[in-house]
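User: Please take a close look at a single part of this model: the largest cavity and the sheet that lends a strand to its lining.

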Amino acid sequence: MTLHDLLVISTGNLWRMKLRTFLTIAGVLIAIAAFVSMLSFGAGNQKYVEGEFNKLGLFSTMQVYPKKSENSSDTASSLKLDKAALDRLAAIPGVNLVYPYDALSVKVQLGDSVVDSRAQALPTAAVRTKLFSKLLAGKAFDSDSSRQVIISNELMKKLGITSPDSAIGRSLVVSVRVSTIDSGLAHILVDRGETLLDRVKRIHFDSLLNSKYRGRVIRTEANETVRRFLNGFINAREEIRDTLIVCGVRDLMRAGRLRVEPMIIPVSTATQFSTAGLGGSPTEIFAAMSSGTLFSQTEDASGKTFSQVTIDFDPKVMYKAIRDSVEALGFRTFSFAAEFEQIQRVFLYFDLALGVVGLIALITASLGIVNTMVMSITERRREIGVLKSLGADELDIRGLFLVESGVIGVLGTVAGLFFGWIITRIVSAVAQAYMRSEGIPVMDLFALPIWLILIALGVGVGVSVLAGFYPAARAARVDPVEALRNE
């Protein structure tokens, strides 16, 4: 018999047993719908993560951190991320742009609203990369020295601005209170109305020959000098103010290791704040003390060190080549492309777990196919006997029952794909409505890529055909003489 003959006879037999065929197909349908829905959830989340990485350009972004020098006898020393290090990183083949993480604490004033925030200095080239180019309103800086600022939508709301479009063109007064060496030294000379000369007058110089008195004076005056300096350095801070125009509003970025502050200021414009002194926070002061730059000339930015540097490289270049070159210079790296590979592994295990659950449901449905086929053999013994007496061999009989189970599998799988897709659309619509009501960024939780459709078709039809092997073999062994005699 030809394949056409097998299909005609099989569909005719299935049509005669409508109810039993419908229930068997329904079992396959439910199993495939569950299988597709679960794998679609994993595929949707993976698609969302990959889309976010692409949207932000994270596949071509790498973070660089200082690394302790293993060759140095001084364990406190490290390879610093300074201007020279940035130049070496920029010289790596394939690197488009290198910029440091340079942030400071600021006060932002708009009318009567005053907000404590953080500002980050960035070059115009960095703002125009994928990472920062997605703005809710406005545009990027005109230049590195323009008196403009990009703010986040969260900071915009704190300042009382209702919409991104209405924020464009607003004038913000940005101020920084900085600690300077001059204020510290001034307090050594005069503190709380007491001058350095007043303290010197209280010293009994004729008693300095006594070692105990001399040691007590030295300790007392040293402690007092340090106290005065720190009091002036931390508390008597100078305020630096400037007025900046809002040129853009962006969404608040939460990208893990990628540190992006609520305000972005052109790098040259930010120099007036960063070179005037330290911000006065304990973190900045201790960082300056540990790096040995507390008393350095802040006007000279060439000696400034950074805790983190971002590299934007050509997407056509493998991230591993950039990573190896950076690590060869003695720095640590963090690659978002490498992180995505780890995420893909997690999604693979997740999909496998969901697939196993769906496969169990499909195997259960296959038992219904076996039951249907076995019962069909009992009811169709005369038909099998007639076919064999007319010249059909065991291969034809086996093929007939395999085609019947295959038809059940195809119909059940196609219907299961459709209903599985309907289920994911309904669940996704409900989830998105909830996200909107809670102010959560809306995302599609499900996806139905072509590879999932092909896998579902292959698994559904394959399991159905496998389920038909035992009934087909049993039907092929039917003796035509016995079958016709019993009839």
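Analyst: The cavity comes before the sheet here.

This is a predicted model, where local features need pLDDT of at least 70, side-chain atom pairs count only at pLDDT 80 or more, and totals for chains, interfaces and linings use all residues. Residues are numbered from 1 along each chain as its sequence is written, and side-chain values use heavy atoms, without hydrogens and water.

The structure holds 1 cavity of 30 Å³ or more. A cavity is a set of points, on a 1 Å grid over the protein atoms alone, where a 1.4 Å probe fits but cannot get out. The largest cavity has about 60 Å³ of space; volume is the space filled by probe spheres set on the points. Lining residues (an atom within 4 Å of a point) include Tyr99, Pro100, Phe132, Arg259 and Gln308. Strand S4 (95–100) and helix H5 (130–133) each give two or more residues to this lining. Helices (H or I, at least four residues) and strands (E, at least two) are DSSP runs. The lining divides into 7 nonpolar, 3 polar and 1 charged.

S4 also belongs to an open sheet of 4 strands, ordered S4-S14-S1-S15 with antiparallel pairing. Pairing takes at least two DSSP bridges. S4 and strand S15 (332–335) are the edges, each pairing on one side only. Neighbouring strands are turned by 25 degrees on average, direction ignored. Strand S1 (residues 61–65) and S15 share 4 bridges. Met62 has Ser335 of S15 as its bridge partner.

Helix H3 (residues 83–90) lies across S1, S4 and strand S14 (309–313). H3 runs at about 160 degrees to S4, with angles taken from 0 to 180 degrees between N-to-C directions of lines fitted to C-alpha atoms.

How values were computed. 1 Å grid on protein atoms, 1.4 Å probe; cavity = no way out; pocket = protein on both sides within 12 Å on 5 of 7 lines; lining within 4 Å. Nonpolar A, V, L, I, M, F, W, Y, C, P; charged D, E, K, R; others polar. Contact = heavy atoms within 4.5 Å.
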